[in-house]
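Biologist:
I would like a close look at a single part of this model, followed outwards into the rest of the chain. Please give the cut-off behind each term as you go.

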Amino acid sequence: MSRFFATGSDSESEESSSADEITPKAPGTTFKQSLLLSDDEEDTKRVVRSAKDKRFEELTNLIKTIRNAMKIRDMAKCLEEFELLCRAFLKSKNIVDKEGVPPFYIRLLADLEDYLNQLWEDKEGKKKMNKNNAKALSTLRQKIRKYNRDYETEIAAYKENPQESADEEEEKEQGDSGSSSESDGEEGEDGVSAKSFLKKKPEASADASKFLKSAKGSGDESSSSDDDDDDEDWGSDTVDSGSESSDEGEGTTASLAVVFLKKTQESEKSSEKKLGKKKKPKKKERLEEEAEEEGGEEVEGGWEKVKGGAPMVKEKPKMFAKGTEINIPVVVKKLNEILQARGKKGTDRAAQIELLHALAAIAAENDLGQGIMVKIKFNIIASLYDYNPNLAAFMKPEMWKKCLDCIDELLDILFEHNNIFIGENIAEDSENLAPTDQTFRVRGCILTLVERMDEEFTKIMQNTDPHSQEYVDNLKDEGRVCGIIDRLLNYMENKGSTEEICRIYLRRIMHTYYKFDYKAHRRSLGLQGESKSEQDQEESEGEDSAVIMDRLCKFIYAKDRTDRIRTCAILCHIYHHALHSRWYQARDLMLMSHLQDNIQHADPPVQILYNRTMVQLGICAFRQGMIKDAHNALLDIQSSGRAKELLGQGLLMRNMQERNAEQEKIEKRRQVPFHMHINLELLECVYLVSAMLLEIPYMAAHEFDARRRMISKQFHHQLRVGERQPLLGPPESMREHVVAASKAMKMGDWRTCHSFIINEKMNSKVWDLFPETQRVREMLVRKIQEESLRTYLFTYSSVYDSISMETLSEMFELEIPTVHSIISKMIINEELMASLDQPTQTVVMHRTEPTSLQNMALQLAEKLGSLVENNERVFDLKQGVYGGYFNRDQKGGYQQKQSYQRDQKGGYQQKQGGYQRGGYRNQNQGNY
């Protein structure tokens, strides 16, 4: 038996051996049995291939996957497969060193690099990509550029003649497949090979060899086709079955060869058809790639690559036919034709803008009047806004410049010609565009265009890197934007309605409220400009920003009928007052407006503005030395831990899972541009220092109080973090400085506290950012001295019988009247149990404080009282309330407990101001 059947199943071998033993084989039975064996053997057939074929087949499979991914623009898949391809190519290094780099590999590298460059230049396409694909595109582009440096000569040769190199590749593949198919025919056990067997049949040998070559060649070229693999298996099976039947006689083998050759010829035809079908799309691909490489050069009679979507006319359409009389109806008709394409799929928006500009030039040449010019300008500006259909996208710099120029030109026309009346309510039919004695009537709203321009400016600033030079360059356009708003404001004051005036006033306020007026500040301090040119500039400049804000806001308060504009105006006004340290005006306006009562019902941008205003109000109170007011104003924002998000200065990563992509886009559009940000580190420092000045004396006064409340949770958290540190080095961050200062203040050491709060590092980070830096530092030193004195008296009053005010004055470097004032307030508020001896200027302490044991006994009594109360409540819940008697008794009991707690609470409040005036001192007097 031939060794080709060695890999068959056991059942096959048993069947064949039993057949040999029992009966001699007839020619028909041998043919049928060999057919059956060859059919069953298909599943377990081994194909012997060279290492080169294996490696190249792996490479071609990967290349095919990459090309499929390129067709559907799946960059992530391309990147993944390219990395696998590089690894596979590295594995086949030995073969490549012998044979050279295969042409199909060079072809892919060249095509892939061109494809990636083309995608990279397509800005619109890149914007539409998802994040993964965009990231994969940039990574793959860098990798391919780096990788292709090693194959520059081969890629250059391929690009010079891509068609020729592709043909060479096909020929080489076919040659390789032919040689490998020959090597597949191995000798059998009897020493007769398939090849030598086929030579015995001159009629069939040529056809069989052709079939074998074509089948093998097609297998190599299309490498992943199942049909071709089947054909290859069939070819080898015919050879195997033929070699076995040669042992049994000439007649049988002749008939077997005839049957098999008929089938092979049919399969050859079908495989050729399949090959033909597969080669066609390859040729198309090559044609497209050649067209891309030529960069769209027009060849006479050649193909031209066009964009997808609705077919657009490539040539610029002629505006008007020769000899057409150009008048207003003709121009309006042409304008409507251009506008009909607006918003349709496949419309080239840039071309549409050019057409409108051309139409405006024709109207100006023929002197058709300002009415038609205004109408065309309105449509040009609207088309510029439509250039980006996506709301989140911002305008390109060239479009932005065009937009500003167009709005300026439109305002020039409106200012020069007072006989032009524009409005949203004018119907198309009632427009009057002809230059007659009557006024021009044009449909349109200049205010809406300017508001949209302002929104586009905000979007540009939001989408620019704030730490780049580009941001600074874009910010320079704000002067021009404000100039346009001012011009429109003057126009509206003469011709606009009250509602329109309020809207444009609000736009002007929004560009003013957050800016600090340094020149007004210098004038208020009595400083003049250093040079004469500065003095002249100051004189030539108009009114202060405070006067402008006051005038614009008061008009809105009086005339506006929409709550939103008035609310925004009030908040901006308060912010501006607070920014310029006008604390009392800002505070009074906030309290009178009652905005805090219903701000939660406002829309998010107004809530962000409210948060910004409250923060600025708190910082202003701090600068003025109103520590408690500053703490109260900043408490809500800082205690949430989301100050960045609440002020519209960025999104927090931890909340990313709570919002989907659409919500994230909406929230990003609400963000405040970087130049309007409030420094978050300064904000936190002001809050923590305020909390320190309030909390440390309070903690010292209520050291043994079980019911001591926390003024600031965040401050306590920072203290706990500081206490947990295993090694305490010198403070580095702003928080560490405040914690270190707090520890010093607890001990009454105001100098150390002062050195931690005011030093070079803290000055550069925080205090130098205030306009009146020196005044703020002086205020801080004063507050630290006063609060340290109070803390010292609370902490060490039990140690002293009496202490001289002069000593305290020297210790804390305060004037004696100030020390006298502080101690008097503490005695009046019953915080300190002492009395002042006026002749000797000493503070005499009263020994009426409970000892530490008594304090602990009181705490135990309170805790037992609360335990009993909780126990009774639980008992009530379980047992229920029975009848009138128990009800009265329990109610009475609860009332008594409440009064008892009130007494205790009262006692504590008294202890807070002097515990002994309550129950404890009376008890002592009774006992002793």
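Biologist:
What is the relative accessible area of glutamine 841?

Modeller:
The relative accessible area of glutamine 841 is 27%, so this residue is partly exposed (buried is under 20%, exposed over 50%, partly exposed in between, with a 1.4 Å probe and protein chains only). The model is predicted, so local features need pLDDT of at least 70 and side-chain atom pairs pLDDT 80 or more, while totals for chains, interfaces and linings use all residues. Residues are numbered from 1 along each chain as its sequence is written, and side-chain values use heavy atoms, without hydrogens or water.

Glutamine 841 sits in the loop that links β4 (834-837) to β5 (842-845) (helices are DSSP runs of H or I with at least four residues, strands runs of E with at least two, numbered from the N terminus). Its phi is positive, near 55°, although the residue is not glycine. Most residues other than glycine have a negative phi.

The two strands on either side of this loop belong to an open sheet of three strands, ordered β3-β5-β4 and paired in the antiparallel sense (pairing needs at least two DSSP bridges between two strands). At the edges stand β3 (802-804) and β4, each with a single partner strand, so one side of each has no neighbour in the sheet. On average, neighbouring strands of this sheet are turned by 20° against each other when direction is ignored (axes are lines fitted to C-alpha atoms, for helices over the stretch in contact, with angles from 0 to 180 degrees between N-to-C directions). Three bridges hold the antiparallel pairing of β3 with β5, and serine 802 has valine 844 in β5 as its bridge partner. Across β4 and β5 lies α40, which runs at about 140° to β4.

A second positive phi, of about 55°, belongs to glutamate 813, which is likewise not a glycine. Glutamate 813 is found in the loop between α39 (805-812) and α40 (816-828), and its relative accessibility of 46% makes it count as partly exposed.

Glutamate 772, in the loop between α37 (760-765) and α38 (773-796), also counts as partly exposed, at 22% relative accessibility. When residues up to four places away in sequence are left out, glutamate 772 touches His521 and Leu525 (contact means heavy atoms within 4.5 Å). Histidine 521 is 251 residues away from glutamate 772 in sequence, yet the C-alpha atoms of the two are 9.8 Å apart.

Elsewhere in the chain, strand β1 (residues 420-423) pairs with β2 (residues 440-443) in the parallel sense over four bridges, and isoleucine 422 has valine 442 in β2 as its bridge partner. The side chains of β2 alternate: Phe440 and Val442 face one way and are buried, whereas Arg441 and Arg443 face the other way and are not.

Among the helices, α33 (residues 680-701) and α34 (residues 713-724) have axes that come within 9 Å and cross at roughly 85°. The residues of α33 that meet α34 include Glu684, Tyr687 and Met692, and those on the α34 side include Gln714 and Phe715. Glutamine 714, in helix α34, is buried at a relative accessible area of 17%. Leaving out residues up to four places away in sequence, glutamine 714 touches Gln638, Ser639, Glu684 and Tyr687.

Methionine 692 is one of the residues with the most contacts inside the largest nonpolar core, which has 160 residues, and it shares that place with Phe622, Ile757 and Trp767 (a core is a set of buried Ala, Val, Leu, Ile, Met, Phe, Trp, Tyr and Cys residues joined through side-chain atoms within 4.5 Å). Helix α33 gives the most to this core, with 13 residues. On the same basis of leaving out residues up to four places away, methionine 692 touches eight residues, among them Phe715, Val738, Met745, Cys753 and Ile757. A second, separate core has 36 residues, including Ile66, Met129, Leu140 and Tyr151.

For the chain as a whole, there are 43 helices and five strands. Of the 928 residues, 42% are buried. Among contacts between residues at least 6 apart in sequence, 67% join residues at least 24 apart.
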